[in-house]
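Here is a short briefing on a ligand site and an internal cavity. Keep the structure open while reading.

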Amino acid sequence: MRVTQTPPKLPGHPLLGHLVHLARDPFGLLERARAVGGVVQMHIPFAGPTYLVTDPDAIDVVLVKRAAAFHKDFSTRFLTRLTGNGLLTSEGKFWRRQRGLAQPAFHHKRLVSYGDTMVRLSREHAARLDGSIDVGHEMMTLTLAIVAETLFGADVSAEAHSVGAALDEVMRYYLGVANTGILLPLSWPTPATRRFLRAVAAIDEVVFRLIDEAKRRGEGERPDLLSMLLAARDEDGQAMDERQLRDEVVTLFLAGHETTALTLTWSLFLLSTNPAARARAVAEVDAVLGDRPATLDDLPKLRFVDAIVAESMRLYPPAWMIGREAQEDIELAGFPIAAKSQVYLSPWLMHRDARFFDEPLAFRPERWESGELLRTLPRFAYFPFGGGPRICIGNSFAKMEANLALATLLQTLDYWSQQKVAPGMSPTVTLRPQNPIRARVSPRRRQ
Ligand code: HEM
């Protein structure tokens, strides 16, 4: 069968297309596009043919069935300015090899050994909190410490502040690019470019220290991911060069903490506006853990905590948009999609779709409790970690970390949010709250 009919178009400005909507109200734009069809043509100047896909079977084609026909999209490629040729942005044979090298650090056996560190660092962090806090900032500091110690065998507490500030700057830079559609060469010394380069230099400083420390340490008895990457050799016996190591470490460092921190931040916000769910979660944590530190063996019993994390990632998926570029002509849901087209899939949009979820905008963790929903949903109605060969390498790590950290925070802290209405969402690389979420915390006194 020859497919000739083109996908429906979302009406937009004759010259600027959807650029202004994208800058002012990207979420409204997504919702309007969904109403037009399962594969909708958008108009983003300079991006070439661009499509939004909301048909779960067509998403399956992009991420799984025809995954080899796609590379990352052009806006993800902007990220190479920060992550270079690391796992998130590399392609083809090179990506496959690097993924194979990193994978053992995420095997179940290794994850088990990270659980105690996740709980210890969560308890230590909670013990330092008393008074008014910026929830997002605290969660970033915690997850940064966790990823640094588990994957890189390092303590970065002294640099947590500068890494956090650098990361805020990087996100502002990418938000500026998304809002204007303009990406100037890095050699143009605009104030925004200079701030971005300073931020990358601050992150690099920490990353090169981690690499130097790992080199001095050698493989040791309990090799971490960094020492494994250092020891890796290609078919010609060559080690990874310093630049590639830096790119992999920056990628894992960033992908490995920002997203989980956001999951915890949104979870705490959602619980603070839903006292009944919070009371249930606290009762569960008390019944399962009492005063002792959580362990991995407790996770199957902390079912409501798990449901809260799942529901938080449904409403606020940290990776709210996934992009691909077709490398060849391909058919999607009966429509022809030309090579070089940009194809976008939005977990945020799918997760708030009334076709799949009752009361899609309501925070109802109980919907996940029996496991029935996950069994009956189309595969790509809920996909906070993506899917197919490029699925998040850290998905089990992240779920384990979010559950253990959230249980520990509920166990050890009393928490009152000063944020009563949902904060706006900042649609940068990840889905951040637009303004800091503030809360008052104090050590918990159990009756
Ligand atoms: C709640 C937490 C997290 C969420 C929601 C999340 C989400 C995602 C998603 C959606 C992708 C796929 C992107 C695409 O297909 O274009 C991805 C890829 C990736 N994630 Fe995560 N992630 C999380 C935590 C982590 C953690 C803890 C790590 C590492 C410790 C990590 C490392 C990576 C890496 C390296 C990739 C690229 C994998 C590849 O292309 O081979 N992520 N993540």
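The points below cover the ligand shell, its contacts, the iron and the cavity.

The model is predicted. The ligand has 27 residues around it. Its iron atom has Cys392 as the only protein donor. The structure also holds one cavity of 30 Å³ or more.

**Ligand shell**
- Trp95, Arg99, Arg324, Arg390 and Cys392 come nearest to the ligand.
- By class, the shell has 17 nonpolar, six polar and four charged residues.

**Polar contacts**
- The side chain of Trp95 has an N or O atom 2.8 Å from a ligand oxygen.
- Arg390 places a polar side-chain atom 2.8 Å from an oxygen atom of the ligand.
- For Lys72, an N or O atom of the side chain is 3.1 Å from a ligand oxygen.
- Two or more shell residues come from each of helix H6 (92-102), helix H12 (242-255), helix H13 (258-272), strand E5 (322-326) and helix H18 (395-412).
- H13 gives the largest share of the shell, with three residues.

**Iron**
- The SG atom of Cys392 is 2.3 Å from the iron atom of the ligand.
- Cys392 sits in the loop between helix H17 (372-376) and H18.

**Cavity**
- The largest cavity has a volume of about 80 Å³.
- Its lining consists of Leu129, Ile133, Met139, Leu268, Leu409, Leu410, Leu413, Tyr415 and Val441.
- H18 and strand E9 (413-417) are the elements that give two or more residues to this lining.
- The lining has nine nonpolar residues, no polar ones and no charged ones.

Conventions:
Residues numbered from 1 in each chain as written. Predicted model: local features only at pLDDT ≥ 70, side-chain atom pairs only at ≥ 80, totals over all residues. Heavy atoms only, no water. Near = heavy atom within 4 Å. Polar contact = N/O pair within 3.5 Å; in protein donor to acceptor, adjacent residues only side chain to side chain. Helix = DSSP H or I, 4+ residues; strand = E, 2+ residues; numbered from the N terminus. Nonpolar A, V, L, I, M, F, W, Y, C, P; charged D, E, K, R; others polar. Donors = N, O, S within 2.8 Å, 3.2 Å for Na, K, Ca; no water. 1 Å grid on protein atoms, 1.4 Å probe; cavity = no way out; pocket = protein on both sides within 12 Å on 5 of 7 lines; lining within 4 Å. Points joined across faces, edges and corners; volume = space filled by probe spheres on them.
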